[in-house]
Amino acid sequence: MNKTKFNILNIVMFYIYWYLCLLGPSKEKYYLGPIIALLYFCFHFSYIENKINDFKIFVLCGVVGLLFESILHYTGFIIYKGILINYFNIIPFWVLILWLGLGLTLLHSFKWFLNHHVISSIIGGLITPVIYLSAHKINSITLTCSLSYSYMVLAVSWIVILYFINIIVNKYV
């Protein structure tokens with residue numbers, strides 16, 4: 001498979017498991033998105049040549065996501081649906097999967113993101129909160145503040161997070 005076809009597969013699979021992870025909790029089907037994602041992650045790491053760099057970004061996004069989503073959860077800003085929330089009071093696996101999956105796009109289908117620090121962070125910061133609002137609308141999560149306030153907090157947070165990830169990846173990977 002050439003690089004272009006792999007990048008297309010990379011973004012298509014990202015959006016497939018992203019959609020399933022987002023929709024699953026609203027239907028109490030918590031596992032479908034993560035299972036598809038984990039299968040893709042296995043394929044991804046078996047296919048790519050430079051596994052170390054992808055793994056570094058995979059872990060970075062996972063850690064950042066775990067910290068950020070945990071802050072949103074423990075401050076009561078977001079109420080998540082999921083098995084881990086119900087039994088262990090930690091963010092759901094499907095949320096972490098989305099962050100890990102983001103990490104696997106940054107050297108491939110979202111590579112442009114790494115070459116444009118400021119503009120990509122601003123665009124991502126303005127678009128990403130819409131995902132949270134959509135998840136709220138379909139009852140996968142509950143935003144406990146007004147939608148406009150939630151959007152603003154998430155937009156500013158995501159601009160900072162994406163800029164941070166961008167700088168770290170460009171400096172160390």
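Asn139 lies in the loop that joins helix 7 (117–137) to strand 2 (141–143). Helices (H or I, at least four residues) and strands (E, at least two) are DSSP runs numbered from the N terminus. The structure is a predicted model, in which local features need pLDDT of at least 70 and side-chain atom pairs count only at pLDDT 80 or more, while totals for chains, interfaces and linings use all residues. Residues are numbered from 1 along each chain as its sequence is written, and side-chain values use heavy atoms, with hydrogens and water left out.

**Backbone at the loops**

Asn139 is not a glycine, yet its phi is positive, at about 70°. Its relative accessibility of 48% makes it partly exposed; buried means under 20% relative accessible area, exposed over 50%, and partly exposed in between, with a 1.4 Å probe and protein chains only. Asn89, in the loop between helix 4 (83–88) and helix 5, likewise is not a glycine and has a positive phi of about 55°. Asn89 counts as partly exposed, at 38% relative accessibility. Most residues other than glycine have a negative phi. A positive phi of about 80° is also found at Gly76, just after helix 3.

The loop between helix 4 and helix 5 also holds Pro92, which is buried, with a relative accessible area of 1%. Pro92 touches Tyr80, Lys81, Gly82, Leu84 and Ile85, not counting residues up to four places away in sequence; contact means heavy atoms within 4.5 Å. Although 67 residues separate Pro92 from Pro25 in sequence, their C-alpha atoms are 9.6 Å apart.

**The nonpolar core**

The largest nonpolar core has 49 residues, and the members that touch the most others are Phe41, Tyr80, Trp94, Trp99, Leu106, Tyr132 and Ile165. Helix 1 (residues 3–23) gives the most to this core, with 8 residues. Such a core is a set of buried Ala, Val, Leu, Ile, Met, Phe, Trp, Tyr and Cys residues joined through side-chain atoms within 4.5 Å. Leaving aside neighbours within four places in sequence, Tyr80 is in contact with Glu69, Leu72, His73, Ile85, Ile91, Pro92, Trp94, Val95, Ser140 and Ile141.

Leu9 belongs to helix 1 and is partly exposed, with a relative accessible area of 26%. Its contacts beyond four places in sequence are Met1, Tyr40 and Phe43. Leu9 and Val95, 86 residues apart in sequence, are 21 Å apart from C-alpha to C-alpha.

**Helix dimensions**

The table sets the end-to-end C-alpha distances beside the expected spans, each being 1.5 Å times one less than the number of residues.

| Helix | Residue count | Expected span | C-alpha end distance |
|---|---|---|---|
| Helix 2 | 16 residues | 22 Å | 23 Å |
| Helix 3 | 24 residues | 34 Å | 34 Å |
| Helix 7 | 21 residues | 30 Å | 31 Å |

The buried residues of helix 7 are Ser120, Ser121, Gly124, Gly125, Thr128, Pro129, Tyr132 and Ala135.

**Helix 2 and its packing**

In helix 2, the buried residues are Gly33, Pro34, Ala37, Tyr40, Phe41, His44 and Phe45. Seen down the helix axis, these residues fall within an arc of 130°, so they line one face of helix 2; the arc is that of the directions from the helix axis to the C-beta atoms. An α-helix has 3.6 residues a turn, so residues three or four places apart point the same way. On the face turned away from the buried side, helix 2 carries the exposed residues Leu39, Cys42 and Ser46. Helix 1, helix 3 and helix 5 (93–103) are the elements against which the buried residues of helix 2 pack.

The axes of helix 2 (residues 32–47) and helix 3 (residues 51–74) come within 9 Å and cross at roughly 145°. These axes are lines fitted to C-alpha atoms over the stretch in contact, and the angles run from 0 to 180 degrees between N-to-C directions. At this contact, Phe41, His44, Phe45 and Ser46 of helix 2 meet Lys51, Asp54, Phe55 and Phe58 of helix 3. The residues involved divide into 4 nonpolar, 2 polar and 2 charged. Here Ala, Val, Leu, Ile, Met, Phe, Trp, Tyr, Cys and Pro count as nonpolar, Asp, Glu, Lys and Arg as charged, and the others, Gly among them, as polar.

His44, located in helix 2, is buried at 0% relative accessibility. Leaving aside neighbours within four places in sequence, His44 is in contact with Phe6, Asn10, Asp54, Leu104 and His108.
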